[in-house]
Amino acid sequence: MGRYLCGQRYTQDLDITSPMFELRTEAFGRFQQYHFFHPRQGHGFSVVPGCGATLLRLRCKEVELLDGYASPEALEMGQGAKSALLFPFPNRLRDGSYRWLGKAYRFPIDEPTTQTAIHGFAYREPFVVARIELTKEHAEITCLLDYDGHCAGYPFPVTIEVTYSLTDRGLFGWSAWIKNRHTEPIPVGLGWHPYFRVAERVDACVLRCPPCERELLDERQLPLLKREAFTDFERPHPIGSRVFDDCFRLPATATLCDIHLKGDHSAVRLSFSRSLFPFFQLFTPPDRRSIAVEPMSCLINAFENGEGLRELAPGSDWSAALVVQCEAL
C-alpha cells in the first residue's frame, strides 16, 4: 500500500491546519484501487483504472453515495456496468450489428433476452493512470486507454481519457476525451452509468427532473422513434414503487439538464449540457437499492438509427463533461 501527494510518496504528517487531499492505493483483486480522500471534510472517491477506469465509491462527509461493486469478482463480471464509462455506445444495439461506410460489423450479444449488445466494451478495458493532482481544494485522476482496435465490432484505434475530480466542497466532476487514431471517420457514442444510493431503498428517494420526452420502446427495449411528453417529476416526487428502465430526450430548447435525487441520508444533483448529452436513461435495478442515472450522447441503437451519433474525423477529438453536487443530510 502506498500514499502519495502530487504523485510523490511521502512519510511525514501533513500540517493539520491546512489539510490536502490524500491518496491511498491498495490491491483490489488483480487490480489497483486508488482511494482519494479529504481528511477533514470526509469527502472521497475510489477508482480502479485497470478495469475500465471504473468508479467504485463516492463519499460526502463519509456518507457513501454509490451502489458500486463490492468485490473484484463483481467488478470483472461487470453486471449492470455500474458507474462505468460507456463507449463506443451507451445502452443497446440491435443484434449487436451495424453498418459503417459500407461495411458490416458485429458486437457480441451481451443481453440474450433482448438479443442486443449493451454499453460497448470500454468498461472492461485496461486503462492506465496518466495524471494525478492533489491540492487543498481538489483531487483529480486521469486514466488513459490507447485502444488498438482489437474488438471485431469496433476495429478503429482510438485514445480515450476519463477524468474524475472532487473538490473540498463536494463537487464531483466526470469528463471523457476521445481521439480518432484511425485512417477513416468513426462512429462515436458516449455515456456514464452511476448507480446513486441516497436512501436505503429507492422507494424513499425523491426525484426531480426537467420536462422532457419519454422514448417509446419495443419489447426488446429498442426505440420505436416515437415519443410522449414526460412531466411526472417536474416537481420533486417520491419514486415509491415506480419501476424505471426508460430513455428520455431533452427538448431542443433546453441548455442544461439538472436531475435531483434526495434520500434520507444524502442528496445529489447531476448536471450536464444538452448539447453534449441530449438523452438520459433512468433504471431501477430489481433489488431497488439504488437508481441509475445515465446521461447519453446518443439514443439507444444509435449505430443503426443515427440519432445523436457523432462522426469523428481522422485525427480529430471530442470531449464531454458533467458534474455531480454531493450533499450529506
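F172 is a good place to start in this predicted model: with a relative accessibility of 0%, F172 counts as buried, because anything under 20% falls in that class. F45 is in the same situation, buried with a relative accessible area of 0%. The structure holds 26 aromatic pairs, and F45 with F172 makes one of them, an edge-to-face pair with the centres 5.7 Å apart and 70° between the planes. That pair ties together distant parts of the chain, since F45 belongs to strand β5 (residues 44–48) and F172 to strand β16 (residues 171–180), 127 residues apart.

Now look at F89 and F107. Their ring centres are 5.1 Å apart and their planes sit at 75°, so this pair is edge-to-face too. Here the link runs between loops: F89 is in the one between β8 (85–86) and β9 (92–94), while F107 is in the one between β11 (103–106) and β12 (116–118), with 18 residues separating them along the chain. F89 and F107 are both buried. They also belong to a wider cluster, where ring pairs join F87, F89, Y98, Y105, F107, F121, Y147, Y154, F156 and F303.

Some rings have a charge for company. K82 lies over the face of Y195, 5.8 Å from the ring centre, and R124 does likewise with Y123, at 4.8 Å.

Next stop, L299, which you'll find in the loop between β28 (291–296) and α2 (302–305). Despite the loop address, L299 is buried, with a relative accessible area of 0%. What does L299 touch, leaving aside its neighbours within four places in sequence? The contacts are E215, P223, L225, C247, R249, F279, N305 and E307. The C-alpha atom of L299 is also 8.0 Å from that of P90, although the two residues are 209 apart along the chain.

On to the pockets. The largest has about 440 Å³ of space, and 20 residues line it, with Q79, G80, E111, I118 and Y195 the closest to its centre. Y195 is the ring we met under K82. The lining of the largest pocket is a mix of seven nonpolar, seven polar and six charged residues.

The second largest pocket comes in at about 210 Å³. Its lining has 14 residues, of which H260, L261, A267, V268 and E327 are the closest to the centre. The elements giving two or more residues to that lining are β20 (206–208), β25 (256–262), β26 (266–273) and β30 (317–328). By class, the lining of the second largest pocket has eight nonpolar, two polar and four charged residues.

Terms used. Residues numbered from 1 in each chain as written. Predicted model: local features only at pLDDT ≥ 70, side-chain atom pairs only at ≥ 80, totals over all residues. Heavy atoms only, no water. Phe/Tyr/Trp six-rings, centres within 6.5 Å; stacked < 30°, edge-to-face > 60°. Helix = DSSP H or I, 4+ residues; strand = E, 2+ residues; numbered from the N terminus. Buried < 20%, exposed > 50% of the residue type's maximum accessible area, 1.4 Å probe, protein only. Lys NZ or Arg CZ within 6 Å of the ring centre and 35° of its normal. Contact = heavy atoms within 4.5 Å. 1 Å grid on protein atoms, 1.4 Å probe; cavity = no way out; pocket = protein on both sides within 12 Å on 5 of 7 lines; lining within 4 Å. Points joined across faces, edges and corners; volume = space filled by probe spheres on them. Nonpolar A, V, L, I, M, F, W, Y, C, P; charged D, E, K, R; others polar.
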